[in-house]
Amino acid sequence: MAHVSRMLVIFFVSVLGSSWSSAGDPEIDLIDFDNTAALPDVCKGKSCPKYEIGKQADIPGAISVRDYSEIYWISTSSYPSSDGSCLSGDVMKMMYAELYNFFKGVNTMGLLIDRTVPVRIIGRLDEESGNTTYCHAMFYIPEMYYQNAPSPLSVNIFVGYNYAKRCYVISVNGNSNWKRCVKLFRALKKFLVKKNVGGITSSEVIVDLYTGYGVPNSKKYSEVMICSTSDFGFY
């Protein structure tokens, strides 16, 4: 089991209450916040969304505050798997294959585009039941194509954009599963509400995956984030 930093324990005990303990939740124990000041080389030479590090009072260093500029994406959607996950094998593989083909030339220009990172997964939660109702998978479109991006040939893919927004991000070292990501989302949301951070999404779990299948769990890296509310547009 991976090391759990003292900062992590303090963060989650303050959020989830004194009944939580580091030994009691293997879904959280794999996270280590000690090295968030120096993120790994997650882009590995590929295009990544641009952002600036923001500053906000009462937000500890374990949470990265990022101000993202406008971002263009291609996206596809699916209902969650039978166990309510947006990251299960069949659902994830189907969404990934749809989007990957766009980069491999299945677009109106027949254009080959270097695949970008991360794969962004967004899960919509029902605010009453807490269950995942819908899943979205998204790939960032390189900035050089913002003005003239090719259109998808698949009717299941949309080209869209996010307006500039502020996001609150926690790093996840090790394997990710949806149950774990939702748990982190809820803890982070509760913490931000406690700190009177307003204008954040209340039912949108955002997970950025930087490593995929075939990578050892010890080397996997992802991020769970909550962002400010703003419209998501399609064209």
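I count two strands as paired if DSSP finds at least two bridges between them. Helices (H or I, at least four residues) and strands (E, at least two) are taken as DSSP runs, numbered from the N terminus.

**Ground rules**

I am working from a predicted model, in which local features need pLDDT of at least 70 and side-chain atom pairs count only at pLDDT 80 or more, while totals for chains, interfaces and linings use all residues. I number residues from 1 along each chain as its sequence is written, and side-chain values use heavy atoms, with hydrogens and water left out.

**Overview**

I looked up the element count first and noted four helices and 10 strands in the protein, which from the N terminus on run α-α-β-β-β-α-β-β-β-β-α-β-β-β. For burial I use relative accessible area (buried under 20%, exposed over 50%, partly exposed in between, with a 1.4 Å probe and protein chains only), and on that scale 49% of the 235 residues of the protein count as buried. The accessible surface of the protein, from the Shrake-Rupley method with a 1.4 Å probe, comes to about 11,800 Å², and 51% of it belongs to carbon and sulfur atoms. I then turned to contacts (heavy atoms within 4.5 Å): among those with a separation of 6 or more, residues 24 or more positions apart account for 73%.

**Strand β4 and its partners**

I next followed β4, residues 119-125, and found this strand mostly covered, with six of its seven residues buried. Seven bridges join β4 to β5 (residues 132-140), and the two strands run antiparallel; I noted L125 with T132 in β5 as its bridge partner. β4 and β5 form a hairpin with six residues between them, and G130 in that turn has a positive phi of about 80°. I also traced six bridges from β4 to β8 (residues 204-209), again an antiparallel pairing, where R124 stands opposite E204 in β8. As a reminder to myself, in a regular strand the side chains alternate between the two faces of the sheet.

**Two backbone details in loops**

Going back to the loop between α3 (89-103) and β4, I located P118 there, and the peptide bond from V117 to P118 is cis, with omega near 5°. In the loop between α4 (178-194) and β8 I located N196, a residue other than glycine whose phi is nevertheless positive, near 60°. I checked the surroundings of N196 as well, and with a relative accessible area of 72% this residue is exposed.
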